[in-house]
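Trainee: I've just opened a new structure and could use a guide. Can we go through it together?

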Amino acid sequence: MPRIALFISQRLVKAVFVILAIAVFNFFLVHAAPGDPAAVMAGEAGAADAKFVEQLRQQFGLDRPLYEQLGTYMSKVVQADLGYSYRQQRPVFDLLMDRLPVTLSLTLTAFVLALLGGVALGTLAAMRAGTWSDTAITVVGLTAYATPIFWIGLMLILLFSVNLGWLPAFGTESIGAGYTGWDAFLDRAKHLVLPVTTLGLFYMAVYTRLTRASILEVRDMDFVKTARAKGLPEWRIVSVHILRNAILPVITVAGFQAGHLIGGSILIETVFALPGIGRLAFEAVLQRDYQVLLGIFLLTSVVVVVFNLLTDLIYSLVDPRIEVAP
Amino acid sequence: MSNRLRHFRQTLTAAALAAALAAPLALTVPGVAAAQERGGTMNIIVQPEPPILVLGLNQQGPTQTVAGKIYQGLLTFGFDLKPQPELAESWEVSPDGKVYTFKLVKNAKWHDGKPFTAHDVVFSTSKLLMETHPRARATFSKCEKIEALDDYTVQFTLKEPFGPFLQAFEVSSAPMMPKHIYEGTDFKANPANATPIGTGPFKFKEWNKGSYIHLVRNDEYWKAGKPYLDDIYFRVIPDAASRAVAVEQGTVQQTQFNDIETFDVPRLKGLPNVEMTTKGYEFFAPLSWIEINTRNKPLDDKRFRQAMMHAIDRKFIRDKIWFGLGRPATGPVNSVTRFFEPNVRKYDFDPKKAEALLEEAGYKKGADGTRAKVRLLVMPYGETWTRLGEYVKQAMKRVGVDVTLETTDAAGWVNRVSNWDYDLSFNFVYQYGDPALGVTRTYVSDNIRKGVMFSNTMGYSNPEVDQLFAQAAQTNKDEERQQLYSAAQKILVEDVPVAWLLEMEFPTFVDKRFKNAVTTAIGVNESYDSVYMVKK
């Protein structure tokens, strides 16, 4: 156990430096784009004079030299202050917290469903490699993977929402319906079906293919033959012997994707009009809302670092041959 | 043209008749609330989502549409751009055109219950808007003094006459802001900005960022019995295809401006549940053009710019890119606004004439058939403009001019155009009902200001035009102004400082159950106090 504690503490110390370096890099990255928030707002207003732009730059602190702005930003970052969006007139932290529930309910649900479904389908396909069910799963997976995600979303809307009228096309709730309790939950769940399916299909395709390929490699190994020779039931061979050995690449990719869940999905959130973090980020780019953008980058980088650490720990749980080394 | 006018006159007559009939009816049979029933919820698209809703601090298009229900101006404007009473019940202009006196309605209240008085008007126009609103700053800096004669009378004294002064009192040009909330504060950092307080028929209830803005009926509204609707939801739907679906499904009951992409318009027009109108944009009367940087070769040559006018088929643009919305533009003033001059040099679509002009200017065809090369920075405001860019490239190729398309996003576009780092671009600006407010700024040389968007970014300079525009603004005699503006328009059309494309029209789709949505020249930005829902 102290071994693990040492490992974790060392990784956390490293992580702090990585995140600070990322923050500095992000700062220069967002400032490298042409134009600034004052220019955007002048463009939106449809009228401007010199004073208008000057006032905005002053308010946003853009009239200060860049190194000074960096200093202000970094001193806030180390105090865990994400700054203030002058455009939206709210602290960035509040903006993120507003959007987080929607994003997580979308991405987490899609992720979990995709992981379970993908591993199950991949296993099924691999164990029946060469049969019609394998072909069907592979073809569906490949199609889901190769089709642009927004197009799938629009087609699902057309089918289930416009033509059949079964499911709402966008939003997170029936606005103005005034549902409470169980009804409100059901209403929200209904609104999530189409976006979760769209996003989940894409993830699922990835896991299906990974699992299938990985199992095909493992299923003919000697220890599997031994297990069969021992007369173990087939389900036990698959779940304990094959899957446990084949799952590592899936965990690697899942860990990587889990780190990005918090970033949301720009396309899904746009097509289904969900007020999530992906859209917030996308709009912040267009509006050059530096503080919001930096806040999202920072949050995402923290989560990615944490999930990388978790992934390493899970490796050693799943496969005891892998040890954590400080 | 004449057809449009006739239609216009018919509508006016009908409106007058309806008004004449409605008034006595309502008085004589109070028990039978025939058509204008209370109740109903309207869902309206708002796109893009406004940053804040305080109209005095932000005048972005979507802000105007939402905040126009919360805040009010002293005046509003009919389709003919004549002023109509809003918070001012009457007004007087002195014969020398320098003193404007407004009598305010006496029973208007802010949403927090405080009375609306002349002091709010003085504070808004002389303090708050002077600080925060570029257009209002330009207008009210022409005032020598602004004073409250009593609680319900305001007087503006101008340094010299200014023709379109009344136009400056439209709600987005001069929204009335509450003095008791803003006086002595840092306007932009005032915590009250999160909960806007106006005098309008709808009150701010809730804003679920990224999703919807909820306004509810103001029960204390100063017009008795109004508004009719219980509440309005402004829904944020960022994807254009999803917006079209929302209209088809009836999830939303209104869209405006650019909400619906032009290629979706013909399809939605055929829907049984909605009606489309292009009225209600007369006050804005946008005009689109190819912005030309006249500092750069070969664009500094007038003949080259004239050739562009002949090379581009504006009718094609209207029919095939804007799907029939708009009218080919003939000059700098939109024909639905005041002081339009039809008798100007005509640029019919004629590639041969264009080539002749290019030859004359010395741009001979090279070995590869190219006369000149220019860059075109495509305006990043939706797919339609991208298609326009592709068309212009083709059309110019036909007369031997090689156009390179450049793309950027909104921030990059403003940055490059306002700093004169472009050859050609697109642009469209609102005209605000009078050339002195919306046209002059584009062409006069004292508005050549680097770093400022929507100024004279082309660098066009003609002392004669400067003189004519200056004179025309300084008088309030319409006949005199018409002469001066006509002269200016003739010169401009000859000089082609920009290549005008379309007098733009926007489609407003309204659910057929909702009536009175578009009743004035500011259309969807109106207060909606007379909008009602027919329940079946």
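**A first look at the complex**

Mentor: Sure. UniProt, in an unreviewed entry, places the feature "domain: ABC transmembrane type-1" at residues 100-315 of chain A. Keep in mind that this is a predicted model.

Trainee: What is the helix and strand content of that span, residues 100-315 of chain A?

Mentor: The span is 81% helix and 0% strand, and its end C-alpha atoms lie 28 Å apart.

Trainee: What does helix α8 of chain A span between its end C-alpha atoms?

Mentor: Helix α8, residues 181-218 of chain A, spans only 48 Å, while a straight helix of 38 residues would span 56 Å. There is also a bend of about 35 degrees in α8(A) at A:Val193. A proline, A:Pro195, follows within four residues.

Trainee: New topic: which scores does the predictor give the complex?

Mentor: An ipTM of 0.86 and a pTM of 0.88.

Trainee: And what pLDDT does chain B average?

Mentor: Chain B averages 91, with 93% of the residues scoring at least 70. Residues 1-34 of chain B, though, have a pLDDT below 50, and beyond near neighbours in sequence that stretch has one contact in the model. Where pLDDT is low, the predicted coordinates should not be read in detail.

Trainee: Good to know. How many residues does each chain give to the contact?

Mentor: Chain B gives 41 residues and chain A gives 40. On the chain B side, the elements that give two or more residues are α4, β10, α6 and α12.

Trainee: Which of them gives the largest share?

Mentor: α12(B), with six residues.

Trainee: How do the residues on that side of chain B divide into nonpolar, polar and charged?

Mentor: 21 are nonpolar, 11 polar and nine charged on the side of chain B that touches chain A.

Methods:
Residues are numbered from 1 along each chain as its sequence is written. Chains are lettered from A and ligands numbered from 1 in the order in which they are written. This is a predicted model: local features need pLDDT of at least 70, side-chain atom pairs count only at pLDDT 80 or more; totals for chains, interfaces and linings use all residues. The expected span of a helix is 1.5 Å times one less than its number of residues. The bend at a residue is the angle between axes fitted to the seven residues ending there and the seven starting there. pLDDT is the predictor's confidence in each residue, from 0 to 100. Two residues are in contact if their C-beta atoms, placed from the backbone, lie within 7 Å. UniProt positions are given in the numbering used here, feature names are shortened, and annotations may be inferred rather than shown by experiment. Ala, Val, Leu, Ile, Met, Phe, Trp, Tyr, Cys and Pro count as nonpolar, Asp, Glu, Lys and Arg as charged, and the others, Gly among them, as polar.
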